[in-house]
Amino acid sequence: MPTVMIIGASRGIGLELARQYAAAEWRIHATIRTPAQPGELGRLAGNIVLHELDVRNASHIDALAKAVESEGIDVFIHNAGVSDRRLSWDEVMQINAEAPIAVTQALLPAVQRGTEKKIVLMTSQLGARYGSSRRLSTYGESKAVLNDTFRELAPAWGQAGLIAIVMHPGWVRTDMGGAAASLSVEESVSGMRQVIDGLKPAHHGRFWTWDGREHAW
Ligand SMILES: NC(=O)c1ccc[n+]([C@@H]2O[C@H](COP(=O)([O-])OP(=O)(O)OC[C@H]3O[C@@H](n4cnc5c(N)ncnc54)[C@H](OP(=O)(O)O)[C@@H]3O)[C@@H](O)[C@H]2O)c1
């Protein structure tokens, strides 16, 4: 039974990732800020282990890495993110740009113990800097910084035998994407799962979309 770890599985895309991997009979490590109130995630049937994680909390990150010390993670997905205008620049940077790297680095040994050794960091096309003189929003800048850091680290991760990518999930109808978004969570997640299933070493270090197209930086 392959194992997936989903960081940020309480709702939206993360919850649908948990639902689809559970239906495909994967073992799931899912993180949530409030495991005492797991909501829909707690009602999913399958081999699901819940972990408490606020991605800004270093002791939560350490505890998560320790909890999976004796097993391997085949697919690691850092999905948690925010686009809330009420949050400060520092908070958005911390959650969207710094935490995905800190959490991933802490879980690298577990991914290396896995068979597939795949890492997916959820970014956004709004974080692409190419061909544009427009100013990025705080959200866009946070994802651009995530992409930049990912590109710096990717060579070392590749040498360590990992297949790591950043992924744009499309514009998806969630709390973040809003009701007018073009994709349902089911469509986005089933597309992303196909992309993840098909990942090969040649895909490593690149920016992919939910429907398998490569995205410019
Ligand atoms: N929806 C879109 O159209 C779209 C487009 C491009 C990229 N994305 C990216 O896709 C990912 C998922 O988006 P979504 O649409 O599913 O968003 P969402 O519905 O707003 O869900 C966000 C998820 O992130 C978690 N989270 C936020 N801050 C956290 C923290 N400090 N610690 C731990 N977990 C935290 C939330 O947990 P709580 O329930 O505890 O708040 C929730 O599970 C994000 O990285 C987002 O930037 C989304």
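# Why these labels?

Analyst: Phe 76 stands opposite Ile 119 in E5. The model is predicted.

User: What lies between E4 and E5, and which hand is the crossover?

Analyst: The chain leaves E4, passes through helix H4 (residues 89-113) and reaches E5. This β-α-β crossover is right-handed.

User: How do you know that E4 and E5 are paired?

Analyst: Pairing takes at least two bridges. Four bridges join E4 to E5, so the strands pair. They run parallel. E1 and E4 also pair in the parallel sense, over four bridges. There, Ile 7 stands opposite His 78 in E4.

User: Which way do the side chains of E4 point?

Analyst: Val 75 and Ile 77 point one way, Phe 76 and His 78 the other way. All of these are buried. In a regular strand, side chains alternate between the two faces of the sheet.

User: What makes up the largest nonpolar core?

Analyst: It has 32 residues. Val 4, Ile 13, Leu 17, Tyr 21, Leu 41, Ile 77 and Met 167 touch the most other members. Several elements supply at least two residues each, including strand E1 (3-7), strand E4 (75-78) and helix H6 (185-197). H1 gives the most, with six residues.

User: Which residues does Leu 17 touch beyond its sequence neighbours?

Analyst: Leaving out residues up to four places away in sequence, Leu 17 touches Ile 6, Ile 77, Met 122 and Val 189. A second, separate core has 30 residues, among them Val 82, Leu 107, Val 111 and Leu 121.

User: Why is the contact of Glu 116 with Lys 118 called a salt bridge?

Analyst: The closest N and O atoms are 3.1 Å apart. The cut-off is 4 Å, so the pair qualifies.

User: Are these two residues buried, partly exposed or exposed?

Analyst: Lys 118 has 5% relative accessibility. That is under 20%, so Lys 118 is buried. Glu 116 has 27%. That falls between 20% and 50%, so Glu 116 is partly exposed.

User: Why does the pair Lys 66 and Glu 69 count as a salt bridge, and how exposed are its members?

Analyst: The N to O distance is 3.6 Å. That is within 4 Å, so the pair counts. Lys 66 has a relative accessible area of 56%, over the 50% limit, so Lys 66 is exposed. Glu 69, at 48%, is partly exposed because its value lies between the limits.

User: How do you know that Asp 211 and Arg 213 form a salt bridge?

Analyst: Their N to O distance is 3.1 Å, within 4 Å, so the rule is met. Asp 211, at 37%, is partly exposed. Arg 213, at 48%, is partly exposed too.

User: How many salt bridges are there by this rule?

Analyst: The count comes to 13. Glu 16, Arg 19 and Glu 40 are linked in a network of salt bridges.

User: How many aromatic pairs does the search find?

Analyst: It finds four in the whole structure.

User: Why is the pair Phe 150 and Trp 217 called tilted?

Analyst: The ring centres are 6.3 Å apart. That is within 6.5 Å, so the rings pair. Their planes meet at 35 degrees. That is neither under 30 nor over 60, so the pair is tilted. Phe 150 sits in helix H5 (residues 138-159) and Trp 217 in the segment after strand E7 (207-209), 67 residues apart.

User: What are the burial labels of these two rings' residues?

Analyst: Phe 150 has 0% relative accessibility, under 20%, so Phe 150 is buried. Trp 217, at 22%, is over that limit but not over 50%, so Trp 217 is partly exposed. Ring pairs link Phe 150, Trp 157, Phe 207 and Trp 217 into a cluster.

Notes
Residues numbered from 1 in each chain as written. Predicted model: local features only at pLDDT ≥ 70, side-chain atom pairs only at ≥ 80, totals over all residues. Heavy atoms only, no water. Salt bridge = Lys/Arg side-chain N within 4 Å of Asp/Glu carboxyl O. Buried < 20%, exposed > 50% of the residue type's maximum accessible area, 1.4 Å probe, protein only. Core = buried A, V, L, I, M, F, W, Y, C linked by side-chain atoms within 4.5 Å. Contact = heavy atoms within 4.5 Å. Right-handed = clockwise from strand over helix to strand, strands pointing away. Phe/Tyr/Trp six-rings, centres within 6.5 Å; stacked < 30°, edge-to-face > 60°.
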